Amino acid sequence: MAEEITKEITNEPYIKCDGLVRIYKSKGIEVMALQGLDLEIQKGELMAIIGRSGSGKSTLLNLLGGLDTPSAGAVYFGGENLAEMNYAQLSDFRRDHIGFVWQKNTDNLLGYLTVAENIEMPLLFSTMSKKKKRERTRALLEAVGLSDKENSFPTELSGGEQQRVAIATALINEPELLLMDEPTGAVDKKTSIMLQDLFRSINRKLGITIVIVTHDISLVDRVDRVVMISDGKISSERIMKDEFRKKLEAGEDLEKAPDVQGEEEGDSHEEYAILDKAGRVRLSENMREMAGITSNRVKIHYEDGRIVIHKEDGV
Ligand code: ADP
Ligand code: MG
């Protein structure tokens, strides 16, 4: 029995969202931003959560980072329920384990500090020596490709460079999880691809788990797993195919990859629908259209090891 329990605990995913609900109340109106969202994230993953504006992405990210508490459901970190931590424990947890890159750049960087000072900001109350702090900062500047900008001010940098500084700042405490909200939202396509390569290298070289929330569908091509969020729930999931990953990691066709994917869906990733705990599955608008499903009733039957869903007869 004891053995069984241990086994169960060690099998816990790194992060688990269990039936997350988040209701906002403002001016007497309730908005259900998350509607019973289930999601598991493994240690070391590079993943993106993609959805339209208003689908609940930022809400989810705040819950994952322990900045907000759910109205119902729970977020578990290594089996531990974040809601059971007190305020001090939660703030230690955030400082020790999590790096954030916010959607608004002004939330990431202070305009009156240099690049190096910005990156060192989270170490303000640390007992680390000045020399050690500068060493770490320089290593991070090198990792994000900005060694020559140490003494520049944020306003002297391009949007992409500012994002790199924001990432370095988020990494200074050596977090194990990096959470990013729309990190490519305000940059051009070329810069976006450069940033995506940076995410991958941070993930692979530093072994940091990365979760990106975004509406930027081009991110699909360069992360290992994509989950689609709509109306506060996970609707489908795409997992990168091994052959594509090998090509990407060998540096092959890097510039071309996003276009190839755009034209020929399914080349880089395998797509899955998500079955929720009650056994429900969502049929996308596109799928329903293709199958001519226009009413809210469908026929389901079993056939040769498959479950077939089709429109009701005579509609
Ligand atoms: P996304 O990041 O995907 O654009 P959000 O998580 O920011 O979506 O928002 C999800 C839904 O919750 C939206 O309908 C939004 O208007 C609402 N919402 C978000 N934050 C608040 C808040 N503080 N008060 C009231 N409603 C909010
Ligand atoms: Mg958002």
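A cavity is a set of grid points where a 1.4 Å probe fits but cannot get out. In this predicted model, a search of the whole structure turns up 1 cavity of 30 Å³ or more. The largest cavity comes to about 70 Å³ in volume. Its lining is made up of L63, G66, D68, T69, P70, A74, V75, N81, L82, A83 and L90. As a general point, rolling a probe the size of a water molecule over the atoms shows where empty space is left.

Some of those lining residues turn up again around an arginine. R22 sits in strand β1, which covers residues 15-26. Is R22 buried or exposed? With a relative accessibility of 16%, R22 counts as buried, because the cut-off for that label is under 20%. Leaving aside residues up to four places away in sequence, R22 is in touch with V31, M32, A33, L34, T59, L63, D68, T69, P70 and S71.

Strand β1 also belongs to a sheet. Here 4 strands line up in the order β2-β1-β4-β5, giving an open sheet with antiparallel pairing. The edges are taken by β2 (29-41) and β5 (80-81), and each has a single partner strand, so one side of each is left without a neighbour in the sheet. Strand β4 (residues 72-77) is joined to β5 by 2 bridges, and the two run antiparallel. Across this pairing, F77 stands opposite E80 in β5. In general, strands of a sheet pair through backbone hydrogen bonds, either parallel or antiparallel.

Next come the nonpolar cores. The largest one has 35 residues, and the members that touch the most other members are I119, I167, L178, M180, F199, I210 and I212. Plenty of elements chip in: β3 (46-50), α5 (115-120), α6 (130-143), α7 (159-171), β7 (177-181), α8 (189-206), β8 (209-214) and β9 (225-230) each supply at least two residues of this core. The largest share, 6 residues, is from α7. To take one member, I210 touches E45, L46, M47, L178, M180, F199, I202 and N203, again not counting residues up to four places away in sequence. Another core, of 29 residues, lies apart from the largest one, and L20, F77, L82 and V213 are among its members. So F77 has two roles in this account, as a member of that other core and, because strands pair when at least two bridges are found between them, as a residue in the pairing with β5.

On a wider view, the domain assignment splits the protein chain into domain 1 (15-282) and domain 2 (285-315). The C-alpha centres of domain 1 and domain 2 are 36 Å apart. Which residues lie nearest the centre of the largest pocket? They are S236, R282, L283, S284 and E285, out of 34 lining residues. This pocket holds about 1200 Å³ of space. Two or more lining residues come from each of β9, β10 (233-240), β11 (269-273), α11 (285-290) and β13, with α11 giving the largest share, 5 residues.

Strand β13 has a partner as well. Strand β12 (residues 298-303) pairs with strand β13 (residues 306-311) in the antiparallel sense, over 6 bridges. Within this pair, K299 stands opposite H310 in β13. The hairpin has 2 residues between its strands, and D304 takes a positive phi near 45° there.

Terms used. Residues are numbered from 1 along each chain as its sequence is written. Chains are lettered from A and ligands numbered from 1 in the order in which they are written. This is a predicted model: local features need pLDDT of at least 70, side-chain atom pairs count only at pLDDT 80 or more; totals for chains, interfaces and linings use all residues. Side-chain values use heavy atoms; hydrogens and water are left out. Buried means under 20% relative accessible area, exposed over 50%, partly exposed in between (1.4 Å probe, protein chains only). Contact means heavy atoms within 4.5 Å. A nonpolar core is a set of buried Ala, Val, Leu, Ile, Met, Phe, Trp, Tyr and Cys residues joined through side-chain atoms within 4.5 Å. Domain bounds come from an automatic or database domain assignment. On a 1 Å grid over the protein atoms alone, a cavity is a set of points where a 1.4 Å probe fits but cannot get out, and a pocket is an open set with protein on both sides within 12 Å along at least five of seven lines; lining residues have an atom within 4 Å of a point. Grid points are joined across faces, edges and corners, and a volume is the space filled by probe spheres set on the points.
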